[in-house]
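Let's take a walk through a protein together. Keep the 3D view open and turn it around as you read.

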Amino acid sequence: MKPVLDHIGIAVRSIEGAAVYRALGLTVDHVETVETQGVRIAFLPVGDSSLELLEPTSAASPVAKFIEKRGEGIHHICFRVDDIDAHLERLKAAGFRLINESPVPGAHGCRVAFLHPAAGNGVLIELSEKVK
Ligand code: CO
């Protein structure tokens, strides 16, 4: 399976404050807190993909630091893949810089890993594998 666009992550100060998506008619179908990443996450389906609103849960959260430095905005894009370990191994062997060399727990119980923005032409790229 080729990677598909799973979601676009948007850093927001407050999920409730991100009113434009509701005004567009999108609805939140799932909210969860990922403690290990210091974020509360809301998913808003858009066709086969989603928006993922990321609200920091503490000042130490990487998303809080992102907002402090760059303001609210697009934080990452996520590709869903069917074999995250094989992708990471291949990318690493090809010299791409990884933030997570092995998958960590993400939202929806998925296994996720981030590539360094230097590897993604300035874009933070997340890979996600659904756990069956
Ligand atoms: Co994400």
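Which residues coordinate the cobalt ion? Four side chains do the job: H7 and H76 each offer their NE2 atom, while E52 and E126 each offer an OE atom, at 2.0 to 2.4 Å. Keep in mind that what you're looking at is a predicted model.

Now look at how those four donor atoms sit around the metal. The angles among them run from 83 to 168°, and the site counts as irregular. To be called tetrahedral, four donors would need all their angles between 85 and 135 degrees. Along the chain, the donor residues follow the spacing H-x44-E-x23-H-x49-E. H7 belongs to strand 1 (residues 4-11) and E126 to strand 8 (residues 125-129), so this pair ties together parts that are 119 residues apart in sequence. Are these two residues buried or exposed? Both H7 and E126 are buried.

Next, let's hunt for empty space. The count comes to one cavity of 30 Å³ or more, and the volume of the largest cavity is about 40 Å³. Its lining is made up of I15, A18, Y21, R22, V28, L44 and L53. Sort that lining by type and you get six nonpolar residues, no polar ones and one charged.

Time for some charged partners. How many salt bridges does a search of the whole structure find? It finds seven. One of them joins the side chains of E55 and R40, with N and O 3.1 Å apart. E55 lies in strand 4 (residues 49-56) and R40 in strand 3 (residues 39-46), so the pair ties together parts that are 15 residues apart in sequence. E55 is buried, with a relative accessible area of 12%, whereas R40 is partly exposed at 22%. These two don't act as a lone couple, either: E16, R40 and E55 are linked in a network of salt bridges.

Move on to R111, which forms a salt bridge with D85, their closest N and O atoms being 2.9 Å apart. Here a strand meets a helix: R111 is in strand 7 (residues 111-115) and D85 is in helix 3 (residues 84-93), and the pair links distant parts of the chain, 26 residues apart. R111 counts as partly exposed at 27% relative accessibility, and D85 counts as partly exposed at 34%.

Finally, find K92 and E101, whose side chains meet in a salt bridge at 2.9 Å, N to O. K92 is partly exposed, at 45% relative accessibility, and E101 is partly exposed too, with a relative accessible area of 49%.

Terms used. Residues are numbered from 1 along each chain as its sequence is written. This is a predicted model: local features need pLDDT of at least 70, side-chain atom pairs count only at pLDDT 80 or more; totals for chains, interfaces and linings use all residues. Side-chain values use heavy atoms; hydrogens and water are left out. Donors are N, O and S atoms within 2.8 Å of the metal (3.2 Å for Na, K and Ca); water is not among the atoms, so sites may look incomplete. Four donors count as tetrahedral if all angles lie between 85 and 135 degrees; four count as square planar and six as octahedral if opposite donors are over 155 degrees apart and all others between 65 and 115; anything else is irregular. Helices (H or I, at least four residues) and strands (E, at least two) are DSSP runs, numbered from the N terminus. Buried means under 20% relative accessible area, exposed over 50%, partly exposed in between (1.4 Å probe, protein chains only). On a 1 Å grid over the protein atoms alone, a cavity is a set of points where a 1.4 Å probe fits but cannot get out, and a pocket is an open set with protein on both sides within 12 Å along at least five of seven lines; lining residues have an atom within 4 Å of a point. Grid points are joined across faces, edges and corners, and a volume is the space filled by probe spheres set on the points. Ala, Val, Leu, Ile, Met, Phe, Trp, Tyr, Cys and Pro count as nonpolar, Asp, Glu, Lys and Arg as charged, and the others, Gly among them, as polar. A salt bridge is a side-chain nitrogen of Lys or Arg within 4 Å of a carboxyl oxygen of Asp or Glu.
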